[in-house]
Amino acid sequence: TFAWYTAGKVFKWLKSLGGLEALKERNYLKASTLYDYIDRSDFYSNPVAKNNRSIMNIPFILKSPDLDGTFLKEAESENLLNLKGHRSVGGYRASIYNALPLESLNVLVDSMKEFELSQE
């Protein structure tokens, strides 16, 4: 059936990446790349205590909420989509699920760096 066919494709994809352990390492690398940048920045911050942080959904806020619209517009112009955070929390959320390659995350971090520099 369709569910077995789909699961089989996912399992083959996971195996092609090196299996679950390799995927885990890749996901931790992606998360630490973004968290490290945010934690070193005076412009961005993460509102979640370090011991409670997710490796799949990373929220962050800007130094000034007045820049939110500009940041979102510039991100979308670079095809960085769906970053807007939950309406009750605000800010932004980077969802870095299994299929997202490290290269895409690096594009986000580079874009965040450029935006930060443009606001100095």
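**Exercise 1.** In this predicted model, find which residues of α2 are buried, and explain why they lie where they do around the axis of α2.

*Solution.* Begin with the list itself: the buried residues of α2 are L23, N27, K30, A31, L34, Y35, Y37 and I38, where buried stands for under 20% relative accessible area. Next, consider how they are placed around the axis: because they cover an arc of only 165 degrees, they fall on the same side of α2. The spacing fits a general rule, since an α-helix has 3.6 residues a turn, so residues three or four places apart point the same way. Finally, turn to the face of α2 that looks away from its buried side, where the exposed residues E25 and R40 are found.

**Exercise 2.** Compare the reach of helix α2 with the expected span.

*Solution.* Take residues 20–40, which form helix α2 and number 21 residues. From the first C-alpha of α2 to its last the distance is 30 Å, and this is close to the 30 Å expected at 1.5 Å a residue.

**Exercise 3.** Place α2 within the order of elements in the protein, and then describe the protein as a whole.

*Solution.* First count the elements, which come to four helices and three strands; read from the N terminus on, they follow the order α-α-β-β-α-β-α. Then look at the extent of the C-alpha trace, which spans about 50 × 30 × 25 Å along its principal axes. Of the 120 residues in the protein, 31% are buried. Lastly, consider charge: the protein carries 15 positive and 15 negative side chains, and the centres of these two sets lie 11 Å apart.

Key:
Residues numbered from 1 in each chain as written. Predicted model: local features only at pLDDT ≥ 70, side-chain atom pairs only at ≥ 80, totals over all residues. Heavy atoms only, no water. Helix = DSSP H or I, 4+ residues; strand = E, 2+ residues; numbered from the N terminus. Buried < 20%, exposed > 50% of the residue type's maximum accessible area, 1.4 Å probe, protein only. Lys, Arg positive; Asp, Glu negative; His and termini not counted. Charge placed at Lys NZ, Arg CZ, Asp CG, Glu CD. Expected span 1.5 Å × (residues − 1). Arc of directions from axis to C-beta.
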